[in-house]
Structure formats: C-alpha cells, structure tokens
Amino acid sequence: YKVSFLTWAYARLMIKIPYIGLVNVVAGEKLAPEFVQFGAKPNLIAKKALSLLKDKDKYSRAKQKLSQIKTHLGLPGASRRAAEIILKSI
C-alpha cells in the first residue's frame with residue numbers, strides 16, 4: 001500500500017490496529033506480508049513472492065491458513081443481507 005506522504009502520516013496516527021491488509025485483520029495475525037509506504041518496493045515484493053513460491057511447505061501452509069479465513073467471513077450474500085436489514089429499519 002502506498003499513498004501520499006500526508007495521508008500516510010495521518011493514517012499512522014489514527015489507525016490503531018497492527019495490520020492493514022484485510023486478510024490479516026480478519027485473521028488477527030500476519031498471514032500475508034504487508035508492504036506499506038516505503039516498504040512497497042517491487043524488489044521486496046518479488047523477493048517475498050518468489051520465496052513463497054519456491055518453498056512448497058511454506059506455500060502449502062499459507063494456502064491452508066488463507067482458506068480458513070473464509071469461515072470468518074460468513075456465507076456469501078453479505079450485501080443482500082445488509083440491504084434487507086437496512087430496508088427493515090426504515
């Protein structure tokens with residue numbers, strides 16, 4: 001994630017959670033690497049991606065943990081359910 005310097009500085013002051021990637025926020029742990037602002041460099045991203053793709057065990061563990069995230073998100077149709085709740089309240 002890369003944003004303007006002022007946006008980044010403001011967000012650093014306001015955001016109080018340890019992760020900003022949705023998968024990490026939902027998991028409550030760092031499952032996927034986060035490349036933020038000055039760390040969002042192509043060579044760093046490529047290096048991390050290649051290390052994951054080359055290590056079959058690491059890749060398999062990551063894939064398994066990511067598939068478990070689905071259970072935290074609930075069933076498909078969240079937009080429809082949210083709309084129905086909103087309609088009932090008006």
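1. Let's start with the empty spaces. In this predicted model, the largest pocket has a volume of about 360 Å³. Its lining is made up of 15 residues, and the ones closest to the pocket's centre are W8, R12, I15, I20 and V36. If you have the structure open, those five are good names to look up.

2. What classes of residue make up the lining of the largest pocket? Nonpolar residues account for 11 of them, while two are polar and two are charged.

3. Next comes the second largest pocket, with about 280 Å³ of space. Two elements give two or more residues to its lining: helix 3 (42–54) and helix 4 (56–73). Which of the elements gives the largest share? That would be helix 3, with four residues.

4. Here is the lining of that second largest pocket by name: K30, L31, A32, P33, K48, A49, S51, L52, K58, A62 and L66. Sorted by class, seven of these residues are nonpolar, one is polar and three are charged.

5. Now step back and look at the whole fold. You'll find five helices and zero strands, so reading along the sequence gives the pattern α-α-α-α-α. The radius of gyration is 17 Å, well over the 12 Å that the globule rule gives for 90 residues, so the protein is more spread out than a compact globule.

6. A few other numbers go with that picture. Along its principal axes, the C-alpha trace spans about 50 × 40 × 20 Å. How much of the protein counts as buried? Of its 90 residues, 10% do. The accessible surface comes to about 7700 Å², and carbon and sulfur atoms own 65% of that.

7. Contacts are worth a glance too. Take the ones between residues at least 6 apart in sequence: 45% of these join residues that are at least 24 apart.

8. Finally, have a look at L75, which sits in the loop between helix 4 and helix 5 (78–89). Is L75 buried or exposed? Its relative accessibility is 67%, and exposed means over 50%, so L75 counts as exposed. For a sense of distance, compare L75 with K65: they are 10 residues apart in sequence, and their C-alpha atoms are 18 Å apart in space.

Definitions and conventions
Residues numbered from 1 in each chain as written. Predicted model: local features only at pLDDT ≥ 70, side-chain atom pairs only at ≥ 80, totals over all residues. Heavy atoms only, no water. 1 Å grid on protein atoms, 1.4 Å probe; cavity = no way out; pocket = protein on both sides within 12 Å on 5 of 7 lines; lining within 4 Å. Points joined across faces, edges and corners; volume = space filled by probe spheres on them. Nonpolar A, V, L, I, M, F, W, Y, C, P; charged D, E, K, R; others polar. Rg over C-alpha atoms; globule rule 2.2 N^0.38 Å. Buried < 20%, exposed > 50% of the residue type's maximum accessible area, 1.4 Å probe, protein only. Contact = heavy atoms within 4.5 Å. Areas by Shrake-Rupley, 256 points an atom, 1.4 Å probe, with all protein chains shown as cover.
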